[in-house]
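I opened a fresh page today to walk through this structure piece by piece. Here is what I looked up, in the order I got to it.

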Amino acid sequence: MTSELFLQYLFAGITYGSIYAIVAIGFNIIYNTTGIINFAQGEFVMLGGMLSISLHTFLPLPLAIAIAVIITMIIGALIEIIFIRWLESPSVLRMIIITIGISILIREAALHVWGEGVRSLPYFNGNEISSIRILSTNVSPQVLWVIGVCAVIVVLLSLFFKFTSLGQEMRACSSNRLAATLCGINTKNMVTLSFMLSAAIGALAGCVVSPITYTQYDSGTGLAIKGFTVAVLGGLGNSMAAVSAGLLLGIIEAFSIDIVPLAFQDAISISILLIILFVRPHGLFGSKEAAGLKEF
Amino acid sequence: MTLLDVKNVNKRFGGLQAVSDVSFTVDRGMIKAVIGPNGAGKTTLFNLISGNTPLNSGTISFNNKKIHGFKPYQVAQCGISRTFQNIKLFHDMTALENVMVGRHTKSRAGFMAGMFHLPFTWGEEKEIRHKCLELLELLEIRELADVEATSLSFGQQRAVEFARALASEPDLLLLDEPAAGLNIYETAEIARLISKIRSQGITVLLVEHDMSLVMDISDEIVVLSFGRKIAEDTPREIQQNKEVIQIYLGDDDVEN
Amino acid sequence: MKTQRFIPFFLLALVLAGLQFLTQITDTSYYLTQMTMTAYYSLVIIGLCLVMGYAGQISLGHAGFFAIGGYTSAVLTTYNLIHLLEKGNSFVLFLAGKGLLVNGENLYGESLLYVTPWLACILALVLTALIAFLIGIPVLKLKGHYLAMATMGFGIIIYRVVLAWEIMGEADGISDVPGFTLMPGITVNGDFSNRIQNYYIACTILLVAFILLQNLIHSRVGRALRAIHGSEEAADAMGVNTARYKLYTFVLSAVFAALAGIFLTHYNGGIGPSEAGIMKSVRYVAIVAIGGMASMWGTLIMASVLNFLSLRGLFGSYDDAVFGVILIIIMLFAPDGILRLHIWQRFKKFKTGK
């Protein structure tokens, strides 16, 4: 393998990996406050992309993206308020089925609004063929956008959780819900907030990646499975580990193109998911003892 | 005659030595109790015997057969039955059905026999039902047979759990804090039932911190503190044992 | 007691026959096609009901088992072995010698040689059981979200494989699957003249499977399964080998799904990748949930009604959306299924004086 090809693969891997990481972090945020895996997580990414594409027909790009993110955020909040907030200690099975139902609804709504066609946002800078020379290879500026935006999301999120009182309240919620309630934190609002946050970062990721991967009404499902793989790989609930796990999966996928036909690409990451679930359900970086205390 | 033999058993959780070097035996036909303050390792010891927790070292034998390292269902198949501290009845099933599940190890109809409703299962089902109704009778809850188990009162649920554990005709019955969550009347009732069970020839090992229950009904008591056995004797002797009073009851007078 | 048990099944058989009679007198026998397909889909769903409602394990990959059955049978009964025979392949010669191959001719007069549907059916069932067994061992150790994702992952892998594998016809699927002659005069195929016969074949299979499952859930095994659902730890302590029971249940329901796949493939004369799709699996789960999880009768009724309406195209392009909506509404307001709303339970409690 030439060093140029190697770098090409590496950049492709990092690009996809950052998106997986964002989806995984979306899973983790909701999982931490509620103990629910939101099967509709991938749909937020799709919605962000689709909405911004539609809005961009009459709005400038930055504004279109901003509004798309806000709309998705509101949809996230509505989902929580309508479907989840008022359920009293629902079983895991029930929550799985409800969020699957929600993902179907969003997908089908998207199908009727936008059709089956493949759409995409224009490149943020230049076009498909413009490139920037990095190290010894040419990289599309959009790749840098994706990596950059994902990095900023991760940094902002960790600052938010560490230093703002809202972020700290959310963390309190995730470590002990009852204790948080007793301290006067409105845990229900925190759950709504977690859905909004997940929806927002998913939508933003969906916008920046749209020029490269394109957006289709059903592109959420694949992302959800990969995002979940990454979340499990890093240890469910551990957002920082999800970043490394995401990059790892992205890079593995990129380099496996040489060995495995494209059609079986998805099968690769799902096989990784299955293997991880069987061998190390607490994740590559998680501790077994801590995982034993969690309720899956 | 020794039924259960626990020898030099150790269990660590990370840095915590939950059970260290505990040995004792349970003779056939007796009621033996394990007591100790909270965190003494009673429940851990219990889970080691029932197979829910693997032990680090030591041996546990039952009827002269090694049972440590067995899975819970294998321990059950050897003839050890148990109840749970926070009652675990099967919801959406009647009291009778709950008890009938307890008969699992004493019956054999499998998937094929069940699906094709083979003739040998007819008699078997009849026998299971008959035996389980008898047990409900023994525990004085016969009239509750067709009531959904989880809708019963706490004391009644406890009795159903006893019946379920007895349905497998165990040699040894393990009771995990049978008086937990019961008021004094219900506790007295449970004590009476336990004595009744023993009179059926079943050996009982119970973990408990309700002193009144333990002192009244047990023949021998093992006292644990910080994972170690500090005494093993009759209730009368245990009540006089200085070390036990010191560790278990603090400096207060013995009230029970 | 004995005869009483069979009254509901007898009534069910009567209703199924009555429906056929109804289509005859109202001259709507074109409904029979969808009714036959409904019966096969219901077979998958009652099998899944055993896993979900009784053993308490979710499976989002049952369309995968349906597809393994259907595709295996389709491939074996359409793959032309004539060239292998001409080349003198000893295995093909052996099969031919045992009478396990069938001769045929296609539209262009080429001679065909393929595996007999009986052998294909048995191989497909064995393969499905084997895959379910091997997948089940690790998968069923998982719980909750992990189990859901793992079974869904399995389903997606099967979908990708049938979509990408040339022998499976890729996006087009497999067509021209021959009929399956069960015994002389009784053939599973889509022939117009065979419609009534096929309706009864499908209903008989469904009815027999339903009775077998009803027997099972009222047996010692059924009790053990419900116990696992109630409290796995307590079931374990009662001597129930929970891992084995869950595994056998999983394999059994996979075999039911495969059986449905095989027969439906012969009936339709083909199978396409959408049968393996994740939406199919979700739909099966949805119907079990609507039927009330632990209610075989509820599941059977809901499976028949909803599948039939869906196959008739009543929901139009909103087909999947309808199932999504139903799924959410049921899970929000009646997690025990619509046939088990609280009214009946209150009545029961009232009667027992609680």
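**Entry 1: two helices in chain C**

A reminder to myself first: this is a predicted model. I began with the pair α6(C) and α11(C), whose crossing is right-handed. I noted that α6(C) covers residues 117-139 and α11(C) covers residues 242-268. Their axes lie 8 Å apart, and the angle between the helices is about 145 degrees.

Which residues of α6(C) make this contact? I found C:Pro117, C:Cys121, C:Ala124, C:Leu125, C:Thr128, C:Ala129, C:Ala132, C:Phe133, C:Gly136 and C:Ile137. From α11(C), I listed several partners, among them C:Leu247, C:Phe250, C:Val251 and C:His266. I then sorted the contact by class and got 16 nonpolar residues, 3 polar ones and no charged ones.

**Entry 2: another partner for α11(C)**

Next I turned to α9(C), residues 220-230, which also packs with α11(C). Here the angle is about 110 degrees and the axes are 10 Å apart. Because of that angle, α9(C) counts as roughly perpendicular to α11(C). The crossing of α9(C) and α11(C) is left-handed.

On the α9(C) side I wrote down C:Ala224, C:Leu225 and C:Ile228. On the α11(C) side I have C:Thr242, C:Tyr245, C:Lys246 and C:Thr249. By class, this contact has 4 nonpolar, 2 polar and 1 charged residues.

**Entry 3: a hairpin in chain C**

I then looked at β3(C), residues 180-183, and β4(C), residues 186-188, which run antiparallel and are joined by 3 bridges. One bridge is easy to find: C:Phe180 has C:Val188 as its partner in β4(C). The hairpin has 2 residues between its strands, and C:Gly185 takes a positive phi near 90 degrees.

**Entry 4: the four-stranded sheet of chain B**

Moving to chain B, I traced an open sheet of 4 strands in the order β2-β1-β4-β5, with antiparallel pairing. Why do β2 and β5 of chain B each have one side without a neighbour in the sheet? They stand at the edges, each with a single partner strand, so one side is left free of a neighbour.

I checked the pairing of β1(B), residues 2-13, with β2(B): it is antiparallel over 8 bridges. Within it, B:Lys11 has B:Val19 of β2(B) as its bridge partner. Helix α1(B), residues 42-50, lies across β1, β2 and β4 of chain B and runs at about 60 degrees to β2(B).

**Entry 5: the six-stranded sheet of chain B**

I also found an open sheet of 6 strands in chain B, ordered β6-β7-β8-β3-β9-β10, with mixed pairing. The edges are β6 (80-82) and β10 (228-233) of chain B; each has a single partner strand, so one side of each has no neighbour in the sheet. Neighbouring strands of this sheet are turned by 20 degrees against each other on average, direction ignored.

For a parallel pair I picked β7(B), residues 172-176, and β8(B), residues 203-207, which share 5 bridges. B:Leu172 is bridged to B:Thr203 of β8(B). Here α1(B) turns up again, touching β3, β6, β7, β8 and β9 of chain B, with its direction at about 145 degrees to that of β7(B). Helix α7(B) lies across β3, β7 and β8 of chain B, at about 150 degrees to β8(B).

**Entry 6: the two domains of chain B**

I wrote down the division of chain B: domain 1 is 2-79 + 170-249, and domain 2 is 92-155. Their centres, taken over C-alpha atoms, are 28 Å apart. How many residues of each domain are in contact? I have 7 from domain 1 of chain B and 4 from domain 2 of chain B. On the domain 1 side, α2 (72-78) and α7 (184-198) of chain B each give two or more residues, and α7(B) gives the most, with 3 residues.

**Entry 7: where the chains meet**

My last stop was between chains. 29 residues of chain A are in contact with 32 residues of chain C. On the chain A side, α4, α9 and α11 of chain A each supply at least two residues, and α4(A) has the largest share, 12 residues. That side of chain A divides into 23 nonpolar, 3 polar and 3 charged residues.

Conventions
Residues numbered from 1 in each chain as written. Chains lettered and ligands numbered in written order. Predicted model: local features only at pLDDT ≥ 70, side-chain atom pairs only at ≥ 80, totals over all residues. Contact = placed C-beta atoms within 7 Å. Nonpolar A, V, L, I, M, F, W, Y, C, P; charged D, E, K, R; others polar. Axes fitted to C-alpha atoms, helices over the stretch in contact; angles between N-to-C directions. Left-handed = near helix turned anticlockwise from the far one by under 90°. Domains from an automatic or database assignment. Parallel < 35°, antiparallel > 145°, perpendicular 65-115°, else oblique. Pairing = 2+ DSSP bridges.
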